Amino acid sequence: MQRFEISDKDAMGRIGRLETPHGKIETPALMPVINPNIEFIPAKDMKKFGAEILITNAYIIYRTPELREKAIKKGVHGVLEVDIPVMTDSGSYQLMVYGDVEISNEEILKFQIDIGSDIIVPLDVPTPPDADYGTALSDLEVTLQREREALKLERGDRLLALPIQGSTHMDLRRRCAEEVVKMGGDVYPIGGIVPLMDTYRFYNLVKIILEVKSVLPSYAPVHLFGAGHPMVFALAVALGCDLFDSAAYALYAKDDRYLTPHGTKKLEELQYFPCSCPICLEYTPEELRRMDKDERQRLIAEHNLWVSFEEIRRIKQAIKEDNLFELVECRIRSHPNLLFAWRQIREYGWLLEQYDPSMKHSFLYSGVESCYRPAVLRHHERVLNVELPDKDEIIISTDEGVLADFYLRPAFGVVPIEMLESYPAGHAEIPPSELLEDEALEIAVQGLKRFLDHHSDRRFVIVASGKWLEFLKDLPENAVVKHDKP
């Protein structure tokens, strides 16, 4: 039974609906982490921030006698006093931190089923980054065996999450993804990535997501386990992640850290709040600093929730408007490691092209990363097969004020005159070539050379001026460059 329906798409991101026993949730979705042992922001208050689903730790409930007894009687929803879907983690985090947990995989799975979790998780082994290959392989085998055990249990209509592990070994990540697809889960979490985010190793994070997505089918809902900072949401959604869980809203607040989509601020450094959430409108940074610690932490946590859910809504609107790439290219400039991590999409253009819609409203250039979008790659391929005019010399110009058969546009390369009003090249807002990065022109000229080679039996005159002349060298013999201006 297919539980996940996709309604809108942009880049590799999508808006979808995931069906659970307690109703459908719209993705991308953020699940606030609720620690049932700690009184902080009550689970029942999470809906006001925008939460449609929560996540809590079944292992903590199991190991706390009072909570365990209550959960068995009233279910996990009764413990949290909510009627919205609840996902339960199995204790894998505790396993990673402490090396062992006092429960078996079968016991924690059955407990999650007994307490009515909407999405249950086996006791997978989250291998830390850079683990030696033998350790990562051994942990992966244990994870896969435990996931096979989960499939044998009668779970009714509860969804089963099958985590994808493998440390920073890409072949193991791909192998795990292949195996869980064969098993047939309902949700596919990518685990073991929190240490990467804690150390700003976004390059490794993006690589793992892309490798996993290259194996998973397009209809598979993906959960990025432990990704709770709003600065990574847009990037992760654009790479095809659908679910996120956030303990960051609380953990950061306890250290007086204030979340924004552009990074983290320390309360002690703030003179003004760059936000219009209810907390930031009511209080100043100085008023929060003078508060009792417990009250201050709760208010910062509330802000962290407001800003996190606001970013999720902003991403959904970007998908609706076909400008998720533009949003991501804005967000990645908040940290150099995010910027260089995102640039890996150059190596996965074939993958993004499978997901990204071919028709959109506009193409807004916001930096050299815009050149790596599928729309550019797709144009370079399609223009090879356009029909050429029946004439001895075909004119290609870098200046659209010059009458020509084709025009040379940054990134896109050769653009037929009849496509100057069509998406993508004709709907692209791009600065003048003189102001652009060299790579945007280099990519265009690479496309030009392919075009000329493809039509090696025809002759072309390239009418060029300005900065273009620096790049129009070593062209095939069937093309000559004519200077438009002295």
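**Exercise 1.** Leaving aside its neighbours within four places in sequence, with which residues is S370 in contact?

*Solution.* The model is a predicted one, and the first step is to place the residue: S370 sits in the loop between β14 (363-364) and α17 (374-382). The second step is to list its partners outside the excluded neighbours, which are E329, F363, L364, Y365 and V376. The last step concerns accessibility, where a relative accessible area of 1% makes S370 buried.

**Exercise 2.** Determine how the rings of Y258 and F273 are arranged, and which parts of the chain the pair ties together.

*Solution.* A pair of aromatic rings is described by the distance of the centres and the angle of the planes. The count for this structure comes to 9 aromatic pairs. For Y258 and F273 the ring centres are 5.1 Å apart and the planes stand at 10°, so the pair is stacked, given that planes under 30 degrees apart count as such. Y258 belongs to strand β12 (residues 257-260), whereas F273 lies in the loop between β13 (263-266) and α11 (278-282), so the pair ties together parts that are 15 residues apart in sequence. Y258 counts as buried at 2% relative accessibility, and F273, with a relative accessible area of 13%, is buried as well. Elsewhere, ring pairs link F406, F451 and F460 into a cluster.

**Exercise 3.** Identify which ring faces K254 and R257 lie over.

*Solution.* K254 is placed over the face of F40, at 4.2 Å from the ring centre. R257, in turn, lies over the face of Y252, and here the distance from the ring centre is 3.9 Å.

**Exercise 4.** Is T199 buried, partly exposed or exposed, and which backbone oxygen does its side chain reach?

*Solution.* T199 is found in the loop between α7 (194-198) and α8 (202-213). Its relative accessible area of 49% makes T199 partly exposed, since exposed requires a value over 50%. The side chain of T199 reaches the backbone oxygen of L196 at 3.3 Å. As for a distant part of the chain, the C-alpha atoms of T199 and P21, which are 178 residues apart along the chain, are separated by 37 Å.

**Exercise 5.** Establish how many disulfides the whole structure holds, and examine C241 and C371.

*Solution.* A search of the whole structure finds 0 disulfides. For C241, which is in no disulfide, the nearest cysteine sulfur is that of C176, 15 Å away. For C371, the closest cysteine sulfur, in C330, is 17 Å from its own, too far for a bond, because a disulfide needs the two sulfur atoms within 2.5 Å. C241 is buried, with a relative accessible area of 1%, and C371 is buried with 5%.

Technical notes. Residues are numbered from 1 along each chain as its sequence is written. This is a predicted model: local features need pLDDT of at least 70, side-chain atom pairs count only at pLDDT 80 or more; totals for chains, interfaces and linings use all residues. Side-chain values use heavy atoms; hydrogens and water are left out. Rings of Phe, Tyr and Trp (its six-membered ring) pair if their centres lie within 6.5 Å; planes under 30 degrees apart count as stacked, over 60 as edge-to-face and the rest as tilted. Helices (H or I, at least four residues) and strands (E, at least two) are DSSP runs, numbered from the N terminus. Buried means under 20% relative accessible area, exposed over 50%, partly exposed in between (1.4 Å probe, protein chains only). A charge sits over a ring if NZ of Lys or CZ of Arg is within 6 Å of the ring centre and within 35 degrees of the ring normal. A polar contact is a pair of N or O atoms within 3.5 Å; within protein, one must be able to donate a hydrogen and the other to accept it, and residues adjacent in sequence count only if both atoms are side-chain atoms. Contact means heavy atoms within 4.5 Å.
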